Amino acid sequence: MSDFWVFGYGSLMWNPGFEHQGGQPALLCGAHRSLCVYSWVHRGTQERPGLVFGLDRGGACRGMAWRVSGSLREQTIDYLRAREQVTMVYLETWRKIRLQSGETAEALTYVVNRAHPQYAGTLPLERQLEIVVEAAGQSGRNPEYVLNTASHLEDLGIKDHGVSWLSDRLR
């Protein structure tokens, strides 16, 4: 089995959680990072949902691509399904990415399922902030998730107006 790539745009950028051979910044076209998923498990509950990032259609997204050994394919995909597909809010797909090196590759990617009840759509930033401030789930408090993502976007030189606006107010 050949090596493969996993594209991260939220917590997979800073906490992949699986063994990899390294990563590099990458660009995915046709979808953008959006705080558009109500979190009922990791960063909220059904009674008090949080918000997590999803790849929503349109635009482009800069994130991190992680190279995984082909010998770890099944183990890695099983791990990602257990982590990302708890409520099946994401669709598991293979999308073309452009690596920082200039190469293109197919990457395992999780995009939001707009038909899922956890799809929040495009919420005003003020509403996103109201939800994030109070939410917490099995993986921790929702503000920490947004702040960690903002910090790693900054480290990578990725500008995201919405994430910056939220992180400024959460600090």
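# Tour from Gly 58 through the barrel to the helices

Select Gly 58: not counting residues up to four places away in sequence, Gly 58 touches Gly 30, Ala 31 and His 32, where contact means heavy atoms within 4.5 Å. This is a predicted model, in which local features need pLDDT of at least 70 and side-chain atom pairs count only at pLDDT 80 or more, while totals for chains, interfaces and linings use all residues. Residues are numbered from 1 along each chain as its sequence is written, and side-chain values use heavy atoms, with hydrogens and water left out.

**Stop 1: Gly 58 and strand S3**

Gly 58 sits in strand S3. Helices (H or I, at least four residues) and strands (E, at least two) are DSSP runs, numbered from the N terminus. With a relative accessible area of 32%, Gly 58 is partly exposed; the scale is buried under 20% relative accessible area, exposed over 50% and partly exposed in between, using a 1.4 Å probe and protein chains only. Measure C-alpha to C-alpha from Gly 58 to Gly 30: the distance is 4.8 Å, although 28 residues separate the two in sequence.

**Stop 2: the partners of S3**

Colour S1 (residues 4–8), S2 (residues 23–39) and S3. S1 pairs with S3 in the antiparallel sense over five bridges; two strands count as paired if DSSP finds at least two bridges between them. Within S1, Phe 4 is opposite Val 68 of S3. The pairing of S2 with S3 is also antiparallel, over 14 bridges. Pick Tyr 38 next; its bridge partner in S3 is Leu 51.

**Stop 3: the barrel**

In which order do the five strands close into a barrel? The order is S1-S3-S2-S4-S5, with mixed pairing. From one strand to the next, the twist averages 35°. H3 packs on the sheet, where it touches S2 and S3, and its direction makes about 70° with that of S3. Axes are lines fitted to C-alpha atoms, for helices over the stretch in contact, and angles run from 0 to 180 degrees between N-to-C directions.

Now select S4 (residues 90–99) and S5 (residues 104–112), which are antiparallel and joined by nine bridges. Arg 95 faces Ala 107 in S5. Thr 93 is also a residue of S4. Is Thr 93 buried or exposed? Its relative accessible area is 19%, so Thr 93 is buried. Leaving out residues up to four places away in sequence, Thr 93 touches Ala 107, Leu 108, Thr 109 and Val 111.

**Stop 4: the nonpolar core**

The largest nonpolar core has 52 residues, among which Val 6, Phe 7, Leu 35, Leu 55 and Ile 97 touch the most other members. S3 (residues 50–68) gives the largest share of this core, nine residues. A nonpolar core here is a set of buried Ala, Val, Leu, Ile, Met, Phe, Trp, Tyr and Cys residues joined through side-chain atoms within 4.5 Å. Show Leu 55 and its surroundings: beyond its neighbours within four places in sequence, its contacts include Phe 7, Tyr 9, Leu 28, Ala 31, Cys 61, Tyr 110 and Val 112.

**Stop 5: helices H3, H4 and H5**

Select H3 (residues 125–134), whose buried residues are Gln 128, Leu 129, Ile 131 and Val 132. These buried residues pack against S2, S3, H4 (142–155) and H5 (161–170).

Add H5: the axes of H3 and H5 come within 10 Å and cross at roughly 50°. H3 and H5 are therefore oblique to each other; angles under 35 degrees count as roughly parallel, over 145 as roughly antiparallel, 65 to 115 as roughly perpendicular and the rest as oblique. Their crossing is right-handed; a crossing is right-handed if the near helix is turned clockwise from the far one by less than a right angle, and left-handed if anticlockwise. Among the residues that meet are Leu 125, Leu 129 and Val 132 in H3, and Trp 165, Leu 166 and Arg 169 in H5.

Swap H3 for H4. The H4 and H5 axes come within 9 Å and cross at roughly 125°. H4 and H5 are therefore oblique as well, and H4 passes H5 in a left-handed crossing. Pro 143, Val 146, Leu 147, Ala 150 and Leu 153 of H4 make this contact with Val 163, Leu 166, Ser 167 and Leu 170 of H5.

**Stop 6: Glu 19**

Finish in the loop between H1 (11–14) and S2, where Glu 19 lies. Glu 19 is exposed, with a relative accessible area of 55%. Apart from neighbours within four places in sequence, Glu 19 is in contact with Val 68 and Leu 72. The C-alpha atom of Thr 76, 57 residues from Glu 19 along the chain, is separated from that of Glu 19 by 7.7 Å.
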